[in-house]
Structure formats: structure tokens, C-alpha cells
Amino acid sequence: MSQPRTDLAPGRFPADFTWGTATAAYQIEGAVREDGRGVSIWDRFSHTPGKTHNGDTGDVACDHYHRWQGDIELMRRLHVNAYRFSIAWPRILPEGWGRVNPPGLDFYDRLVDGLLAAGITPWVTLYHWDLPQALEDRGGWPNPDTSKAFAEYADVVTRRLGDRVKHWITLNEPWVVAFLGYFTGEHAPGRKEPESYLPVVHNLLLAHGLAVPVIRENSRDSQVGITLNLTHAYPAGDSAEDEAAAKRLDGFMNRWFLDPLFTGGYPRDMIDVFGSWVPSFDESDLGVIGAPLDFLGVNYYSPSFVQHSEGNPPLHVEQVRVDGEYTDMGWLVYPQGLYDLLTRLHRDYSPAAIVITENGAAYPDEPPVEGRVHDPKRVEYYASHLDAAQRAIRDGVPLRGYFAWSLMDNFEWAFGYSKRFGLYYVDYETLERTIKDSGLWYSRVVAEGQLVP
Ligand SMILES: OC[C@@H]1[C@@H](O)[C@H](O)[C@@H](O)c2nc(CNc3ccccc3)cn21
């Protein structure tokens, strides 16, 4: 059990803390038709009229595929000791399974060697939403064969990189993949099939569980985890009804994933709420899904304040907009939500370790003037959330690392290039990267291992 770190002065982090920054393949790479890469569901979705802001696509993005060496220099300037990135499944297996594309593997091989040469530890996310379109054409995540295809993909990648990559994240945010991709249709593949939501969640968790032993076999002595977008749910009022509504939202967003991963099964109260939507599955799946993990990746941006609703079945929950500061995404700035989430995870699930795999904020940054980008609100966001993280460590949470989202401005999914999260500003005409004040500030925090003014 992790012990309180009262030895840490306020604002100071453990000497062995992992300091990183994070990206994802489809959001930064571009080069979507280069070196044998296959089509992904995000290629198809972003090229479908009306699906993304301004019709933006990841065709070019930040052109990281050709600029990766310069981008490693950007990381060195931040003094980070780790970099979280995702591998594009369609670069490795253009049809999703079967035929391997050697140039795709070669790209990530070069990237990993470049990172290691720079003293930066690679943390690899195997799936960050860019499913090969060929698998979607065979049913996509509602089809349990996709779970098996994911395990095969994990095998190919970890056989090639597993000797040098020792930190693996199977999936990024299965809730987003399932709910936005197959329930609301706001994300690729854009399907609006409520009845597919829970089967997709199950197949994603099964894919995760099938991949864990494969990764451990091919990448000996590695750390394996999963990244979840966890939303701390607060009752908007002090009524029993609002308390119950918060518990239902917590069940929907958090416990439906945490329980099968850490406690052996889906939460009973939510099985009753979801009723006939809960898919039938082999009980043996739960043993696969519950494969022991070395860390839980947490993406935190903002909490939710909710009240009971007579509508909105079956959750009967309504989000409440509370007073406060909001980012350009319309997300409440609430660092206490990170502290409360971390301490709750430690108390209720006791993961061996927790890593904040994403935290950051979008603001409407102005283009550089005399080489500077002033983003005081983003500095304040990071400072307040890192303070919350440090308080959680002092109080005994086994928080081992933090990855700022994101290294650079990039393709923000359905929002296209209209939202900027980067520590570096990207001019999408020239693709020039310019460090923002938040990047300069973060580099000082990382170098000193403590919060700085
Ligand atoms: O939106 C910022 C980032 C995004 O760029 C990452 O690719 C993704 O991993 C990510 N997840 C969240 C939090 N979860 C979420 C909630 C609603 C819609 C989309 C994402 C934020 N972000």
C-alpha cells in the first residue's frame, strides 16, 4: 500500500517522477497515404462532409511523420523524461490483420531509437481511435473478431519494439470509442446505434485483456496498463436524488470500466440500470479482462456536476453548469476534481500505480509575436492541476507520472484544428512550431521537479 509522502515539501514531486508530454498518431502524423499505410475510420470519417469542423482532416496534421526528429528536439527543450505517443494500426496492418507493412514498423522503430538516444522513455499507446477501415467494414468493434485482431496487432508491434519499449498502454479511452463512435456518432465511425454501445465496450475490454499477456510475452519486464477518461461526478445539490444521480453517472462513466478491470465483474447497480442493453458474454471473458495491470492511466480534464432528471432514461441524469472558469472546449477548470478522483481511485480500486496520461487545456491562442505565445490561462491550468496531483501524492496516492496534453497543437478530432491544446503553437500554413509560455513554464517545472512561479 502506497504510503503518504509527507517528506515532500509543498509543490515538490518525487525524484523518480515520470514527466512527459503526449500525442496520438492520427492527430499529428499526417502522411496518411505514405509508405503503405492503410485507411483508418478517421480517414473515412474526416473526409465525410459535415463530420468535422471546417471539413478538417488528419491528411497533413502536424506532418510529424516527416518532422519527428525535430519534434524530439521540442521534447528535449521541455526536459521531459518520457513521451507518450500512439501507433497507427493501419501503418502496421493495412487491412487490420494478416499482411504486415514493414515500412510502418520501420517508422516507429526509428522513432523509438531516436527517443532513447535523446534520453526520453517511450510510452506507447497501441490504440488511440484509428481503427483500420477494413475491420470496420467487417463490423468494427461490435464484432468480437475485432478484439482478436487487436491482439494480433499487439503481437506484431511488441515483437518488433518490445525489446526497447517497456511501457505499454493497450487502449486510450474505451468509453469515448464506444459512446462517441457507436452511440452518438460524433466520432468515427459515426454510427448511431445505442444497442451497440455496451457490446462495443465489452469487446474493447476483451481486446485489452487478450493483448496484456501477448505484450508481457513479447516485452519482458515491461509495465502494462490501460488509459481511461474518468469523470469525477459531484451531485449538484445536497438531495438524496442528486446523490443517486451522481452515483449513476459515476457508474456509467467510471465504474463500468474500473470494476471489470480491477474487481472481476461489471457493477451490479448499473447492470440493473442498463437492463436488456447488457450483452450476453462468456463468464470466462471477465478473467481475460481482469488481467493484472502495472498501472492505471488516467486522462483528467474536468469533473461533472449532475442532478436527478425525470428524463434522459435510463440514467436520469442531467449535467449542471456551475459557476467557474471554462476552457475553450467548454470544460470547467476544477483541479480539486483531480485530487478527489485520484484519492477515490486509490481508496476504491488500489491500482499498483496511477499515471496521469493526459491533462491539459484548450484556449484560443493568438499566433506568435516576436517568437512568443502568451498563454497565462494554460499556465494557471497546469499549475493548479499539478498542485492537486502533488497533494494527492503527499496523501499516499501512488501517482508515478504526468503527461501534459499535448506536446503541440494538433487535429482535435471533430473540432478539427479549431482547438489548441499544445505546449507548442503550430502554424498550420507553415507547420512551424513555437513554444508557448506554458511550454517554457513546464520545462522549468520538469527541470526542477517542483512547481515554479
Ligand atoms: O480533447 C483533448 C484530448 C484529445 O485530443 C485526446 O486525443 C483524447 O485522448 C482526449 N480525451 C479527452 C477527455 N475525454 C473526452 C471526453 C469527451 C469527448 C472527447 C474526449 C480529452 N482528450
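## The largest pocket

In this predicted model, the largest pocket holds about 1,400 Å³ of space. Its lining is made up of 50 residues, and those that lie nearest the centre of the pocket are Trp 175, Thr 231, Met 253, Gln 319 and Trp 331. Four elements give two or more residues each to this lining, namely helix H8 (174-183), helix H10 (240-262), strand E8 (304-308) and strand E9 (317-319).

Among the contributors, H8 gives the most, with five residues. Sorted by class, the lining of the largest pocket comprises 32 nonpolar residues, together with twelve polar and six charged ones.

## The second largest pocket

The second largest pocket has a volume of about 250 Å³. It is lined by 17 residues, of which Asp 16, Thr 18, Trp 123, His 167 and Arg 400 are the closest to its centre. The elements that supply two or more residues to this lining are strand E3 (121-127) and strand E11 (399-405). By class, the lining of the second largest pocket has eight nonpolar, five polar and four charged residues.

## Helix H8 against helix H9

H8, which gives five residues to the lining of the largest pocket, also packs against helix H9 (residues 197-218), at an angle of about 145 degrees and with the two axes 9 Å apart. The crossing in which H8 passes H9 is right-handed.

From H8, the residues that make the contact are Pro 174, Trp 175, Val 177, Ala 178, Phe 179, Tyr 182 and Phe 183, while H9 contributes Tyr 197, Val 200, Val 201 and Leu 204. Eleven nonpolar residues take part in this contact, with no polar and no charged residues. Trp 175 therefore appears in two settings, as part of the contact with H9 and as one of the residues nearest the centre of the largest pocket.

## The sheet E6-E8-E9 and helix H10

E8 and E9, both of which give residues to the lining of the largest pocket, belong to an open sheet of three strands in the order E6-E8-E9, with mixed pairing. Strand E6 (233-235) and E9 are the edge strands, each pairing on one side only, and the twist from one strand to the next averages 45 degrees.

The pairing of E8 with E9 is antiparallel and runs over three bridges. Val 306 stands opposite Gln 319 in E9, and Gln 319 is also among the residues nearest the centre of the largest pocket. H10 lies across E6, E8 and E9, and it runs at about 125 degrees to E8.

How values were computed. Residues are numbered from 1 along each chain as its sequence is written. This is a predicted model: local features need pLDDT of at least 70, side-chain atom pairs count only at pLDDT 80 or more; totals for chains, interfaces and linings use all residues. Side-chain values use heavy atoms; hydrogens and water are left out. On a 1 Å grid over the protein atoms alone, a cavity is a set of points where a 1.4 Å probe fits but cannot get out, and a pocket is an open set with protein on both sides within 12 Å along at least five of seven lines; lining residues have an atom within 4 Å of a point. Grid points are joined across faces, edges and corners, and a volume is the space filled by probe spheres set on the points. Ala, Val, Leu, Ile, Met, Phe, Trp, Tyr, Cys and Pro count as nonpolar, Asp, Glu, Lys and Arg as charged, and the others, Gly among them, as polar. Axes are lines fitted to C-alpha atoms, for helices over the stretch in contact, and angles run from 0 to 180 degrees between N-to-C directions. A crossing is left-handed if the near helix is turned anticlockwise from the far one by less than a right angle, and right-handed if clockwise. Contact means heavy atoms within 4.5 Å. Two strands pair if DSSP finds at least two bridges between them.
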